[in-house]
Amino acid sequence: MRLKESDPLFELILKWIMSAEWDMTLTIREAMVKAESMIKLHIENPTGSELSRKCPGIGSFFTELPLTRALDYINQKVALEQRRFVPPSFSEIRQIFNLAQVYSLKDRVKMLTFDADDTLYDHGMDLEGGSWMVDALATLMETGTYVAVVTAAGYPGKPDRYAARFKGLLDYFKAKKSPKEVTDRFFCVGGECNFLFRVVPDTYDMYEVPTEEWQTSAMKEWKEADVTDMLDVAEEALRESCTRMRLDVQFLRKSRAIGCFPTRAEDRIAYEALEDVALAIQDKLTQKNTLSKLKVPFCAFNGNRDVWVDVGDKRYGIQALLEYLGVSGEATCHLGDRFTNTGNDKSSRGVAMTIWVTNPTETEEYLHLFLTETGNATSLQSAERRPRGPKQGTMEWEKAQVVQRNTAA
């Protein structure tokens, strides 16, 4: 069971290529041609398509996907079609779909939304000043694209905490004296969908936007008593699961979330254990006798180092931004790293195009391609500034030199 690699469409394509049970064995190119055609037909008839029958619950596609063009690109990188003995992997199918989605964004996208941890920066870290990621995000805003971070991290009433996480970007704004028309294109939705923060013009700090100004009508109907009831059930399930798994964790209850994380910062809980806890909570919250009593939506997810249950999910957060800005889902793409059944990015597929990354380096790869495809001078200049490999003299660079010397000895 691949806990971190689970997607019915990607698995279907791998079966076409590798499984005898389908009475056929397609090449990777034949599989991509077939998938392209099925997605096009699914867009035309979502409920009666062949794809909806083979992948129940597949949901919507906002654009056709040029999968064969994406295959051509990845062939240039890793000669995928030239391999004779090793079939395509789940990761490579995922990357082909990501590349195809990037190609479809040109002249279409008006907003890019991003998960934070393990998408823009490593888990628990901050957006560093001087990084190319900051350069790329700023370039997007300078060329007219909205940029929003939609994260589980919830710090209600604490804009300074978000300012600290995005210090590198805010320092860039300050150094460049970025005008209001640029800084007004940056947003942070915290707690999945519960808080919205924006940049203060001139001072380049952050402030919290009152909920009545941006939340959807559906979100405004969530009553505090119902929020408390849901979190009470979730906390009970979380504590029971952690006790059953004998996990050394501490618990944190917030106004719109309950979660657990290692007692000691240096400890790392097994991914499988976190997955079991998240699934146990989902099971508890979706049982008929429980679900009938709950009046607010929730998101119970494995955060890779922790487990959290939030009020609402990213679908609500992104939808609120779409309505707040007057942007459509067809013009929005969300990049995140948690698209499995216990991931908190999966729900975004209902309201926007998506790109599934596994780390910040992959995010940079897709941003680099997007900026190159955009074709305007400012974007191309930013793409050219992206470093190729680790910077000389850094620890990562030194390590690579040692490995090379030892290998070549």
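Which strands does helix 13 lie across? The figure legends below start there and then move through other parts of this predicted model.

**Figure 1. Helix 13 and the strands it crosses.** Helix 13, made of residues 271-286, lies across strand 8 and strand 9 (307-311). Its direction is at about 160° to strand 8. Those two strands are themselves partners: they run antiparallel and are joined by 5 bridges. If you want one pair to look for, Phe301 has Trp308 in strand 9 as its bridge partner. The two strands make a hairpin with 4 residues between them, and there Asn304 takes a positive phi near 85°.

**Figure 2. The four-stranded sheet.** Zoom out a little and strands 8 and 9 turn out to belong to an open, antiparallel sheet of 4 strands, in the order 6-7-9-8. Strand 6 and strand 8 (298-302) are the edges, each pairing on one side only. From one strand to the next, the twist averages 15°. Moving along the sheet, strand 7 and strand 9 pair in the antiparallel sense over 4 bridges, and Ala257 has Asp310 of strand 9 as its bridge partner.

**Figure 3. The hairpin of strands 6 and 7.** Here strand 6 (residues 249-253) meets strand 7 (residues 257-262) in antiparallel fashion, over 5 bridges. Just 3 residues sit between the two strands of this hairpin. Two pairs are handy landmarks: Gln250 is partnered with Phe261 of strand 7, and Leu252 stands opposite Gly259.

**Figure 4. Strand 9, residue by residue.** Is strand 9 mostly covered or mostly open? Covered: 5 of its 5 residues are buried. In a regular strand, side chains alternate between the two faces of the sheet. You can follow that pattern here, with Val307, Val309 and Val311 pointing one way and Trp308 and Asp310 the other. Residues on both sides are buried.

**Figure 5. The seven-stranded sheet.** This view shows another open sheet, with 7 strands in the order 5-4-3-2-1-10-11 and mixed pairing. At its edges are strand 5 (206-209) and strand 11 (353-356), which each pair on one side only. The twist from one strand to the next averages 25°. Within this sheet, strand 3 (residues 186-190) and strand 4 (residues 195-199) run antiparallel and are joined by 4 bridges. Look for Gly190, whose bridge partner in strand 4 is Phe195.

**Figure 6. Nonpolar cores.** Nonpolar side chains tend to be buried together in soluble globular proteins. In this model the largest nonpolar core holds 80 residues, and Ile13, Leu112 and Leu137 touch the most other members. Helix 5 (residues 90-105) supplies the largest share, with 9 residues. Apart from this core lies another one of 45 residues, among them Val150, Trp214, Leu231 and Ala300. Close up on Leu112, and its contacts beyond four places in sequence include Leu105, Leu140, Tyr146, Val147, Cys333 and Phe370.

**Figure 7. Helix 6, wrapped by the rest of the structure.** Why is helix 6 (residues 132-142) described as largely enclosed? The reason is that 10 of its 11 residues are buried. Among the buried ones are Trp132, Asp135, Leu137 and Met141. Thr139 also belongs to helix 6. With a relative accessible area of 0%, Thr139 is buried. Not counting residues up to four places away in sequence, Thr139 touches Leu371, Thr378, Ser379, Ser382 and Arg385. After the helix comes Gly144, with a positive phi near 100°.

**Figure 8. Two aspartates in two settings.** Asp115 is found in the loop between strand 1 (111-114) and helix 6. Its relative accessibility is 5%, so Asp115 counts as buried. The side chain of Asp115 makes a polar contact of 2.9 Å with the side chain of Lys314. Beyond four places in sequence, Asp115 is also in contact with other residues, including Leu120, Val150, His334 and Asp345. Asp72, on the other hand, sits in helix 4 (residues 67-78). At 37% relative accessibility, Asp72 counts as partly exposed. The C-alpha atoms of Asp72 and Ile96 are separated by 9.3 Å, with the two residues 24 apart along the chain.

Definitions and conventions: Residues are numbered from 1 along each chain as its sequence is written. This is a predicted model: local features need pLDDT of at least 70, side-chain atom pairs count only at pLDDT 80 or more; totals for chains, interfaces and linings use all residues. Side-chain values use heavy atoms; hydrogens and water are left out. Buried means under 20% relative accessible area, exposed over 50%, partly exposed in between (1.4 Å probe, protein chains only). A polar contact is a pair of N or O atoms within 3.5 Å; within protein, one must be able to donate a hydrogen and the other to accept it, and residues adjacent in sequence count only if both atoms are side-chain atoms. Contact means heavy atoms within 4.5 Å. Two strands pair if DSSP finds at least two bridges between them. Axes are lines fitted to C-alpha atoms, for helices over the stretch in contact, and angles run from 0 to 180 degrees between N-to-C directions. A nonpolar core is a set of buried Ala, Val, Leu, Ile, Met, Phe, Trp, Tyr and Cys residues joined through side-chain atoms within 4.5 Å.
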